[in-house]
Amino acid sequence: MKNSRKLTILLFVMMMLVSACGGGNTVSGEDAAVTEPALPVGTEAPVVVADESVAGDLVIYSGRSETLVQPVLDAFQAAYPNVNILLKSGSNSELANALIEEKANPQADVFITTEIFTVQSMYQQDVFQSYRPAAADQLPAEFIGPEDSWVGITRRARVIMYNTELLGADEVPTSIFELTDPKWKGQIAAAGSTNGGMQAQIAAMSQLLGEEATQEWLTGMIANEVTFFGGHTDVRKAVGAGEFKIGLVNHYYYYLQLAEGSPVGVVFPDQGEGEIGLITNATAAGIVQGSKNLSAAQAFIDFLLSPEGQELFAELNYEYPLIPGVALHPEVQSLDEYRLADVNVADAALNLDATLNLIETVGLP
Amino acid sequence: MNALELRNISKKFTSAKTTAVNDVSLTLRTGEILALVGPSGCGKTTTLRLIAGLERPDSGSINIKGQLVVDDGHFTPPEKRGVGMVFQDHALFPHLTVFENVKFGLKGQPAAKARETTYGMLKLVGLENFGERYPHQLSGGERQRVALARALAPHPVLVLMDEPFSSLDADLRHEVREQVRGILKAMKATAVFVTHDQEEALYMGDRLAVFQNGHLEQVGLPEEIFHESATRFVAEFMGDSDFLPGTVQNNGIQTELGLIPQKLNIPENSSVEIALRADDVDFDQSDHPNALVLARFFRGAHYQYRLRLTSGNLVHAFKSHTQLIPPGTSVRAFISAEHQVTIFHNGLAVEAR
Amino acid sequence: MQRWKNFLQIPKRINISPRLLLAAGLVALFVAIPLVYIFFRAFTGGADVWIRLLQTRILKLLANTLLLTAAVTCGATFVGVSMAFLTERTNLPGRHLFRWMLALPLAIPAYIGGIVHLTLLRPRGGVIPQLLENWFGQPVPTPSPLGFWGAAFILTLFTYPYVYLLSGAAFRSLNASLEEAARTFGRNNWRTIWEVTLPALRPGLTAGALLVALDILSEYGTVALLRYETFSSAIFVQLSGRYDRSAASILSGILITIAIIILWGELRLQGQARYTQMDSQWRPASLLPLNRWKIPALLLVLLVVSASLLVPVFVLGYWSLTALLDPETLSSIMRSGSQTFGDYIWHSLWSSALAALIAVVLSLPVALLSVRYPSKLSKAISRFTQIGYAIPGVVVALSLVLLVNQFLPFLYATPLIVVMAYVLRHMPQAIRASESALNQLSPSMEEASRTLGRTSLQTIFQVILPLILPGLMAGASLVFLTSLKELPATLLLRPAGFDTLAVRVWIWAAEGFYIQAAPAALLLVLASALPLYFLLRREQIFK
């Protein structure tokens, strides 16, 4: 009995020690100013003049992959050393749900997503407040939310990537509708029902082709034993490793996999006569109604649309900047070469519930 | 003033079918040791716990030193009753030393005085050198004395002891109970003592209270309880009595072992039972045997013989070592008592006329 | 109405403390409200949602969930009992070491084990299939860790220790005389095991098996990772997929019902269970010689130990090293927003430790009431507060989101709501530990204290608490351990900037960044192993 009591005390002391060490690491604003932002090797840290007038906690809900968003946050932190960034990463829809729950009791300052459907429905739910950044005038009109509720940041396209060791360039499907062809049975990977990019694609297809045709396509994909992953990183890695011949992804996943040295190729699909065109989407962000740190939130949106912010997305993540004049990543094919699908984003957002019903009806994993 | 007064106390446990304590009334004088004795489950321990305040009676009232501690509308919790208790398992606190255990009940006293009292108590029980030890480092007898010292240290108006010796070996038990009685008397403590062992009760108690099935059967001095048992149960429980049937006649009681010339206050021809102890019966080897020797037991100072009477009833008899009678011998048994024997009618002792 | 009155009325003669009753009642209320609220939401959810769910999902999910629960429970029971038999009752070489190695997988959350096995075994992409393909020059079919069989396999690997520990203790506590008696009736060794030993183990075995069943019912991370849809994962999808809580509430209501049925079954079985006492006459039963089975048995144990402990720890260690040696990876895992790795550790530790403290404190009035004043009412309160056992983290989180936002908005989006979820979910462990500690304390200790002038409250602090402290610490360790691993409730409830180690593991792993996830996972395993070590040291077999 005595022994176990001693052990107990020891355990507590150890816990306290470990805790104390951990607690000491909290970064205060001043510390962060000195710290070099963590940028991947080969990227030059942009020269910034620190603005110390903007300060306080900035709560960012991010539906974007943390690896992609963190370098941007680091750069923002370097520019605004007195801001303490509190990040909550999750899926678009999970965070969107949280925002709706919190309407009476708002927690977030900024919401940043991987596609427009989510921000559009957040606008409909009155989650956002209006803010028109100076750079907004340079954006195409379709990437500014109604009443300036949100702004687009970067653009991405839905593409087909393939493993070049398993497939010749002439064999690769050139349309997403070829993916239901039984000859690809069990050889395709894609993201599943919980993935925002996939949801958005389904919504866009419903908008373009009607629900019936979309359902037929989804049923065909499932019947073709497509493997659905939780996210696109799984898809690109699986295609890169040769686990699958073909993957349906956002374009930058192809470039990310290519950068890892994998034998992968890409097709920007549906360019032929009578085909629907390339389905694209945009990342977007908005300021939450009831934000407690408006100056930091606005500074952050401004930063996302600044040449520096846009460059980071283009450089690190091969995305298409929405602000004209910002250079593409040298390896990325320009969108000007392709015909884009004609989708009305605002209308598609109205169909979100119908999209989810469709996903459930066909039983998309 | 009485140190303790129980009036018509009854207690029934929700889970049990029978009443644990049924209409018990008792009084105890200051400085007296009362032994509650009876077979297990007779209600003696419950009575003790009711006095301590560890249970609450269904009805009746209890006074301690003239203070009402419980009745229908009032209940004084145990910590406010000023009683000390020694538990069957001693209940020494394993996380405290012997010294701290004894001092535990002295809260509210100045530290120096509490230490002095504690030391005095340890000295009284002969454990003044054991203060720094923990309970698990003590022998059974030592733990027993610590428990007593702890209960006595706050000078309680009443000491309650629940089978305090039952966890000790037989040898130790005799030694410790002598010490304990000595200590209680030295402190002039008033005590209630619970035991199932009649011999222990007779030794420890200034007076005895015999319980059966929740009833108080008899209260009295040890001699009264032993020789003038009020009920057949008391006679049976307290002293290995055999019961011989008899019939009341105008000149005495007719039994299988002859006429007992005791005149009773009940009608003739009533059936009675005569309580006979082994020292009340004798036998010889005459021509008219009425019993058979079944067995012989060596009892140290003498032999005890078990006899079967013609009727089949069993009696016991003591005999000295001078004669050895083998089992199977036919003998003539007779009553040799020179005092009045106790006679029961319907389980109750019958008064002489 | 009258019946309720009788039930609630405290008989005067029971010397029950009204303050204690009030405290225990409040604890029960605290536990009950979220549940009742979920039920309320489920049944006011609207017919259309019910119809939609019935048409599409519920039956399939129900079948999936029950199938997986049954499979893993059987698997874990089989593995647990056979391992316990080999280490406790045979002369298996190295069994003292294996005892520890077989119990330690409890420190590895199943989703972390799942990540490791997924990497190793994924068809075509996994390490092992790749190696085989390189050796043989063509793909070799290997078992897939995905889907039903994969999930069943991996969950079995990380839940069998429950059964192992409980049946191991039962194997040990069997008195030699029991088996010797059977032998004198002409049974040989193996028949004795089958006819006497195993039936005698039943209480420990069912307790372990039911723990496994409840665990699987509320499992989220692993099944999501291995892409096998169950109720828990579907609730999570509903929660994050739609802007409507009623579907999630309905699924939760059904899940709670199943769980309560299982819990009820467990309580019934437990009520009848009597564990063998190790009294002074106790002698350990003799060890069976394995003879020619020694090598196969050793290989079997090694296989289980490797798959559930050695391989995961080795892989996590290797990945962690890779991550630490690569500056780019290292810098990416060190930060999230303005938070650093130290913050995750600190968040994990303090929220779990606070939850452990609160759970133990709240368990005290309930345990005191049920142990010292046994009555229908006190038993009911004790059972009721243990309902959290049966409720998946997702459901607890959902109920808290709905409730707190509506009634206690100032608590919402604070770390305290995460702690609250841990307490609600893991309270039963604290209550069971406190009850068993109190059961071992003789009531005469408290009575002695009362007769020595202490009030009941003083008695609790001066006598009861010091004496049951080791037992309470065991309960606290258990709550700490399970809170540290908790994932779904933390994911849903964490405020921005309050990521725990488990959340960090999940955020990286869900996207396939396993190397980035490894350091947090390894730390999580190590932090869980510490309280587990303390807990195991209390057990007879690990002394």
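**Close-up 1. Where α4(C) and α14(C) touch in this predicted model.** On the α4(C) side, the residues to pick out are C:Val79, C:Met83 and C:Leu86, and they meet C:Ala297, C:Val301 and C:Val304 of α14(C). Sort the residues of this helix-helix contact by class and you get six nonpolar, no polar and no charged.

**Close-up 2. How the axes of α4(C) and α14(C) are set.** Helix α4 of chain C covers residues 58-89, and helix α14 of chain C covers residues 294-325. Their axes sit 11 Å apart, and the packing angle is about 130°. That value falls outside the 65 to 115 range for roughly perpendicular and isn't over 145 either, so α4(C) counts as oblique to α14(C). As for handedness, α4(C) makes a left-handed crossing with α14(C).

**Close-up 3. The two domains of chain C, seen where they meet.** The domain assignment splits chain C into domain 1 (15-44 + 326-543) and domain 2 (46-316). Domain 1 of chain C puts 39 residues into the contact, and domain 2 of chain C puts in 39 residues too. On the domain 1 side, the elements giving two or more residues are α2 (18-43), α18 (393-407), α22 (488-493), α23 (501-510) and α24 (514-538) of chain C. Which element gives the largest share of that side? It's α24(C), with eleven residues. By class, the domain 1 side that touches domain 2 of chain C holds 32 nonpolar, three polar and four charged residues.

**Close-up 4. The domain contact in chain A.** Here the domain assignment gives domain 1 (49-155 + 281-333) and domain 2 (156-279 + 337-362) of chain A. Their C-alpha centres lie 26 Å apart. Domain 1 of chain A brings 23 residues to the contact, and domain 2 of chain A brings 16 residues. Look for α4 (92-101), α5 (116-124) and β5 (150-163) of chain A on the domain 1 side, since each supplies at least two residues there. The top contributor to that side is α5(A), with five residues. The class split for the domain 1 side facing domain 2 of chain A is five nonpolar, 13 polar and five charged.

**Close-up 5. Chain B against chain C.** This contact draws 21 residues from chain B and 17 residues from chain C. On the chain B side, strand β6 (residues 83-86) of chain B chips in the largest share, three residues. The chain B side touching chain C breaks down into eleven nonpolar, four polar and six charged residues.

Definitions and conventions:
Residues are numbered from 1 along each chain as its sequence is written. Chains are lettered from A and ligands numbered from 1 in the order in which they are written. This is a predicted model: local features need pLDDT of at least 70, side-chain atom pairs count only at pLDDT 80 or more; totals for chains, interfaces and linings use all residues. Two residues are in contact if their C-beta atoms, placed from the backbone, lie within 7 Å. Helices (H or I, at least four residues) and strands (E, at least two) are DSSP runs, numbered from the N terminus. Ala, Val, Leu, Ile, Met, Phe, Trp, Tyr, Cys and Pro count as nonpolar, Asp, Glu, Lys and Arg as charged, and the others, Gly among them, as polar. Axes are lines fitted to C-alpha atoms, for helices over the stretch in contact, and angles run from 0 to 180 degrees between N-to-C directions. Angles under 35 degrees count as roughly parallel, over 145 as roughly antiparallel, 65 to 115 as roughly perpendicular and the rest as oblique. A crossing is left-handed if the near helix is turned anticlockwise from the far one by less than a right angle, and right-handed if clockwise. Domain bounds come from an automatic or database domain assignment.
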